[in-house]
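Visitor: I'm new to this structure, and I'd love a close look at just one part of it. Could you pick a helix and walk me along it?

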Amino acid sequence: MDDKWTQIPTDTVIKEHADALASNNFETFVVETEEEARKKFFELVPEGSEVFTNTSKTLDALGITKEINESGKFVSLKNKVASMPAETPAQAREKRMVGSVPEYAVGSAHAVTKDGRIMLASGSGSQIPGYAYGADHVVFVIGVHKLVKDIDEGIERIYKHSLPLESIRINEFYNTTTGSNPRRFFVMNSENDMNKERTKVILVKKVLGF
């Protein structure tokens, strides 16, 4: 894998991306450390909130996943979904619905373009409904090594960097050798003016996740 995908860009590049995100109605915060990222996250997601934690090595590394799902201070929809049966089509549908319409959908992304678009790939697509429409609020925590020039470079980053690492994770977690498959791509171009308070982005000047 190319080391270029884990480089911390200059402050000028970070500011360009942050300004572009803000111009697309994604309120954006740039922080220096993991501790600042965690602090800002919990300022944006207050205790008692109903939260769906999408699978994210970034949130795991920051201890956010554990705090949301294990502290008892939040309504963990990940736990609720895990406890629901899916033995019938109706039960499976209900389970999907719970994960698709949370109060807060939180996670990370695989790339952010210079013109302020947020990119992610998914094998199942389970993250996409909440981010795209279902969640009242969306919070992304993204390491600045994921900043790219454009959509094409974002796709290149996903296939050359994120996918091999995600395949390792999948193989270890499920004890398989099939790896991952980015069956679905999602690009958030902007929020409209009526929804400009909906999506927040925390850019962290660290290598977090992949």
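Guide: Let's take helix α8, whose buried residues pack against four strands: β5 (111-113), β6 (118-122), β8 (147-148) and β9 (184-188). Packing here rests on contacts (heavy atoms within 4.5 Å). This is a predicted model, where local features need pLDDT of at least 70, side-chain atom pairs count only at pLDDT 80 or more, and totals for chains, interfaces and linings use all residues. Residues are numbered from 1 along each chain as its sequence is written, and side-chain values use heavy atoms, leaving out hydrogens and water.

At the N-terminal end of α8, Asp150 acts as a cap, with a side-chain oxygen 3.3 Å from the backbone nitrogen of Asp152. Further along, the buried residues (under 20% relative accessible area, 1.4 Å probe, protein chains only) include Ile151, Gly154, Ile158, His161, Leu163 and Ile170. Ser162 is also buried, and at Ser162 the helix, which covers residues 151-174, has a kink of about 40°. That angle lies between axes fitted to the seven residues ending there and the seven starting there. The proline Pro164 follows shortly after the kink. Just past the end of α8, Asn175 has a positive phi of about 55°.

The helix also helps to line the largest pocket, where α8 gives the largest share of the lining, 8 residues. A pocket is an open set of points on a 1 Å grid with protein on both sides within 12 Å along at least five of seven lines, and lining residues have an atom within 4 Å of a point. Other elements that each supply at least two lining residues are β2 (50-53), α3 (57-61), α4 (64-70) and β6.

Conventions:
Buried means under 20% relative accessible area, exposed over 50%, partly exposed in between (1.4 Å probe, protein chains only). A polar contact is a pair of N or O atoms within 3.5 Å; within protein, one must be able to donate a hydrogen and the other to accept it, and residues adjacent in sequence count only if both atoms are side-chain atoms.
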